[in-house]
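Reader: I would like to go through this structure by question and answer. Please begin with the term needed for surface exposure.

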Amino acid sequence: MREEAEQWLREAIRELELARHLLEIGYLNYAAFHSHQAAEKALKALIIVRLRLLPPKTHLLELAERLRSSGIPVDEVIDYLRDLNPHYLVARYPDAANGVPSEVYSKREAQHCVESASRVIEWVKKLLVS
């Protein structure tokens, strides 16, 4: 695996570890945000390896579309990516969350984000070795 891709994947895994820790200590909105970041960084690793491109500076669904348009089927994880996508903004900004993000997130929602990111990373890992 190219060094750049390995770095992105390692950082994705660290983001997921952080998201899990934040979930455990009750920082639910930040768990959601870092779950989003974990999935995004994992997709960037996949783009480097499979498309042989430096990853574009864009977000989850645009990265997924780039992969899909290059022939990599993302159907297995697209629902997880769609679920994670809003948390880039909603988890951090009161105007996006319709309230204080740290007060509006539920544990169930944050857990779903962590699980979604985990599924995306596992999917990326499978594609990186195949």
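Author: A residue is called buried under 20% relative accessible area and exposed over 50%, and partly exposed in between. The model discussed here is predicted.

Reader: Is glutamate 115 buried, exposed or partly exposed?

Author: Its relative accessibility is 37%. Buried would require a value under 20% and exposed one over 50%. Glutamate 115 therefore counts as partly exposed.

Reader: Which residue forms a salt bridge with glutamate 115?

Author: The partner lies, like glutamate 115, in helix H8, four residues away, about one turn of the helix. The closest N and O atoms of the pair are 2.7 Å apart. At 42% relative accessibility the partner counts as partly exposed. The residue is arginine 119.

Reader: How many residues apart in sequence are the parts tied together by glutamate 15 and lysine 41?

Author: The two side chains meet in a salt bridge, with N to O at 2.6 Å. Both glutamate 15 and lysine 41 are buried. Glutamate 15 lies in helix H1 and lysine 41 in helix H2, so the parts tied together are apart in sequence by 26 residues.

Reader: Where does the salt-bridge partner of lysine 126 lie?

Author: Lysine 126 is in helix H8, and at 48% relative accessibility it counts as partly exposed. Its side chain meets that of glutamate 76 in a salt bridge of 3.1 Å, N to O. The pair ties together parts 50 residues apart in sequence, because glutamate 76 lies in the loop between H3 and H4.

Reader: How many salt bridges does the structure hold?

Author: Among them are the pair glutamate 15 and lysine 41 and the pair glutamate 76 and lysine 126. The salt bridges in the structure number ten.

Reader: Which helix gives the most residues to the largest nonpolar core?

Author: This core has 42 residues, and Leu43, Leu81 and Val120 are among those with the most contacts inside it. Helices H1, H2, H3, H4 and H8 each supply at least two of its residues. With 13 residues, the helix that gives the most is H2.

Reader: What separates the C-alpha atoms of threonine 58 and glutamate 76?

Author: Threonine 58 is found in the loop between helix H2 and helix H3. Leaving aside neighbours within four places in sequence, threonine 58 is in contact with Glu40, Lys44 and Leu63. Glutamate 76 is 18 residues away along the chain, and the C-alpha separation is 21 Å.

Definitions and conventions:
Residues numbered from 1 in each chain as written. Predicted model: local features only at pLDDT ≥ 70, side-chain atom pairs only at ≥ 80, totals over all residues. Heavy atoms only, no water. Contact = heavy atoms within 4.5 Å. Core = buried A, V, L, I, M, F, W, Y, C linked by side-chain atoms within 4.5 Å. Buried < 20%, exposed > 50% of the residue type's maximum accessible area, 1.4 Å probe, protein only. Salt bridge = Lys/Arg side-chain N within 4 Å of Asp/Glu carboxyl O.
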